[in-house]
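Reader: I am new to this structure and would like a close look at a single part of it. Could you take me through the salt bridges slowly, with the places where their partners sit?

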Amino acid sequence: PAVRAGGGERGGSQNLGGMASALNLSQCLWACAKLGREPPAVFLAAAEAEIPRCAPRLNPEQVDCILWAVASLGLPMREESMNALTSAAARLADRIDGEMLVKVHWALARLRHRPAPGDMAALAGAARRLVKDIPSEDRLTVMHAWGVLRCNPGDDIIRAYTRDFRSGAAALSVTVSGDDEDTMIGEAALDGDQCAKLLCAYGRTRHLPPPEHARALATRLVEEAENDALHPSAAVLGLWGASLLGLRMSTPELDVLARDAVAQDKLAPRSLAKIVWALAALGYDPTAADLMSLKGRAAKAMPRLMAKDQEALREALVRLGDRDSAAPIVAAAA
């Protein structure tokens, strides 16, 4: 550790700022990420100061390395540095390949950094150009990133990136140059996590998918919950997306999803609040027993929520038929 820290400090003081700064910066950060070690604070401070200066000189490989490293390590970067990196990626949009496009979007989503409108337009142009070069699974990664960042690159691009996941006429109505019908997956082949990501991405990008496609995704979500195969994060994304899209789901379907949520031991308090809010938005009419189960989980989650989330959870419970939630919920004694 001492050797690594010393090397990082020397890198920060000696190897950044010169003509080889872009290369040294990208390689040092990449090496730290590969080792799974956060760079020393002095190097990170020097890197943050250097990124805006050298960003105009970065080549595609260097942008790729830096963004991947920063996102992999979860490094807290200043807004100025992130804007410079995003602008560098946008500047190189006509030179990047499909693999880099996917990695850039993955990194931006992981860092929760939304590109400026001009940068997003450049990246959207690259996405349109490269759609046929990107495998279906990676298209889903890009689509999920657009949802996380709440960026709509254009409804035509979204249709192209999700064509493989649509069955029947909804898929055949979208033409993607270079694609083959044999590559189409359809909703039935997607797992719950994939269906949830699509539903949430559609909702967050304000893209209206074909009704039969959205319905099929919701059906797969319920099937996965019935088989106890739905990850807690998938339940949150799926229900949230369904509520944003205004899907109509039956009470038995919502029963399955609500009971699955209550049974999830590792469900974070804020995720529970989102699920209860989404159930209310979807018009769920729970049985007395199901409402009681939701109230019990809400009571345990309430002390760990911020005030605005507590209020949203109470309001959602009231909409679900709980008359007691107009007053603060008190967690049961341990």
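Author: At 14% relative accessibility, R220 counts as buried, because the cut-off for that word is under 20%. This is a predicted model, and in it R220 forms a salt bridge with E223, whose closest N and O atoms are 2.8 Å apart. Both R220 and E223 belong to helix α12 (residues 211–226), where three residues, or about one turn of the helix, separate them. E223, with a relative accessible area of 32%, is partly exposed, so this bridge joins a buried arginine to a partly exposed glutamate.

A comparable arrangement can be followed in helix α17 (residues 307–319), which holds both E311 and R314, three residues apart and thus about one turn of the helix from each other. These two form a salt bridge with their closest N and O atoms 3.9 Å apart; E311 is partly exposed at a relative accessible area of 46%, while R314 counts as buried at 13% relative accessibility.

R259 and D290 also meet through their side chains in a salt bridge, at 2.8 Å from N to O. This pair links distant parts of the chain, since R259 lies in helix α14 (residues 251–263) and D290 in helix α16 (residues 288–301), 31 residues apart. Here R259 counts as partly exposed at 44% relative accessibility, whereas D290 is buried, with a relative accessible area of 10%.

Beyond these pairs, R139, R163 and D164 are linked in a network of salt bridges, and the structure holds 15 salt bridges.

Conventions: Residues are numbered from 1 along each chain as its sequence is written. This is a predicted model: local features need pLDDT of at least 70, side-chain atom pairs count only at pLDDT 80 or more; totals for chains, interfaces and linings use all residues. Side-chain values use heavy atoms; hydrogens and water are left out. A salt bridge is a side-chain nitrogen of Lys or Arg within 4 Å of a carboxyl oxygen of Asp or Glu. Helices (H or I, at least four residues) and strands (E, at least two) are DSSP runs, numbered from the N terminus. Buried means under 20% relative accessible area, exposed over 50%, partly exposed in between (1.4 Å probe, protein chains only).
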